Amino acid sequence: MKNPRKDMANALFSELLMADQLARNRLSKVLPKGMELSHFGVLNLLTRHQAELSPAELARAFHVTRGAMTNTLNKLNWAGYVHIRPDWDDARRKMVSISPAGRTARDTALAAIAPLIDDAVSTLGEERVRQTIPVLRSLRQRLGEDDGV
């Protein structure tokens, strides 16, 4: 027996997952040489926060393990895109901030992906996109509740 609600939920998540895969693929192709989406994500978050964050806070924000975040941060540090320093209050922790080179790299990446994003908005129409954002935001927040975010 058909369940329209389950069918709708399945269709929604199928579309979200496929859109995510296609967007990641297209964005990865236009990012500056050597930059991965995970690198851009961290640089973008640090730019938006305009504050130092711990690796654990970054891992939570991206829903990845601390080990995965450490790997990403090591690559960003090696490229000179972030500064990692000890936490003066707790020597076991570290704090991460974006470097001037990291800001430049983030801005360059943003400029590279902007045409793709602009084309998508133009194709779909600004009003449809504007109406979709609150729905996607609510879905993201609801899914994040399960993780204690």
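In this predicted model, the buried residues of helix H3 pack against three neighbours: helix H2, helix H4 (66-79) and strand S2 (94-98). The buried residues in question are Pro 55, Ala 56, Leu 58 and Ala 59. Because they cover an arc of only 160 degrees around the axis, they sit on the same side of H3.

**How H3 meets H2**

Let us look at one of those neighbours in detail. Helix H2 covers residues 37-49 and helix H3 covers residues 55-62. Which residues meet where H2 and H3 touch? From H2 come Gly 41, Val 42, Leu 45 and Leu 46, and from H3 come Leu 58, Ala 61 and Phe 62. Sorted by class, the residues of this contact are six nonpolar, one polar and no charged. Leu 58 is thus a residue to look for twice: it is buried in H3, and it takes part in the contact with H2. The angle between H2 and H3 is about 110 degrees, and an angle of 65 to 115 degrees counts as roughly perpendicular, so H2 and H3 are roughly perpendicular to each other. Their crossing is right-handed.

**A second helix pair**

Two packed helices are described by the angle between their axes and the distance between the axes. The table sets out these values for H2 with H3 and for another pair, H1 with H5.

| Helix pair | Angle | Distance between axes |
|---|---|---|
| H2 (residues 37-49) and H3 (residues 55-62) | about 110 degrees | 11 Å |
| H1 (residues 4-30) and H5 (residues 100-124) | about 140 degrees | 9 Å |

With their angle of about 140 degrees, H1 and H5 are therefore oblique to each other. H1 passes H5 in a right-handed crossing. On the H1 side the contact is made by Arg 26, Leu 27 and Val 30, and on the H5 side by Ala 112, Ile 113 and Leu 116. By class, the contact of H1 with H5 holds five nonpolar residues, no polar ones and one charged.

**The loops on either side of H3**

Now follow the chain through the loops around H3. The loop between H2 and H3 contains Gln 50. Gln 50 is not a glycine, yet it has a positive phi of about 50 degrees. Is Gln 50 buried or exposed? With a relative accessible area of 66%, Gln 50 is exposed.

His 63 comes just after H3, in the loop between H3 and H4. His 63 also has a positive phi, of about 55 degrees, although it is not a glycine. At 47% relative accessibility, His 63 counts as partly exposed.

**Helix H6**

Further along, helix H6 spans residues 126-145, and Glu 127 is found there. Glu 127 counts as partly exposed, at 45% relative accessibility. How far apart are the C-alpha atoms of Glu 127 and Glu 145? The separation is 28 Å, for two residues that are 18 residues apart along the chain.

**Stepping back to the whole chain**

Finally, here is the wider view. The chain has six helices and two strands. Read from the N terminus on, the elements run α-α-α-α-β-β-α-α. The C-alpha trace spans about 60 × 35 × 25 Å along its principal axes. Of the 149 residues in the chain, 25% are buried. Among contacts between residues at least 6 apart in sequence, 52% join residues at least 24 apart.

Note on methods:
Residues are numbered from 1 along each chain as its sequence is written. This is a predicted model: local features need pLDDT of at least 70, side-chain atom pairs count only at pLDDT 80 or more; totals for chains, interfaces and linings use all residues. Side-chain values use heavy atoms; hydrogens and water are left out. Axes are lines fitted to C-alpha atoms, for helices over the stretch in contact, and angles run from 0 to 180 degrees between N-to-C directions. Helices (H or I, at least four residues) and strands (E, at least two) are DSSP runs, numbered from the N terminus. Angles under 35 degrees count as roughly parallel, over 145 as roughly antiparallel, 65 to 115 as roughly perpendicular and the rest as oblique. A crossing is left-handed if the near helix is turned anticlockwise from the far one by less than a right angle, and right-handed if clockwise. Contact means heavy atoms within 4.5 Å. Ala, Val, Leu, Ile, Met, Phe, Trp, Tyr, Cys and Pro count as nonpolar, Asp, Glu, Lys and Arg as charged, and the others, Gly among them, as polar. Buried means under 20% relative accessible area, exposed over 50%, partly exposed in between (1.4 Å probe, protein chains only). The arc is that of the directions from the helix axis to the C-beta atoms.
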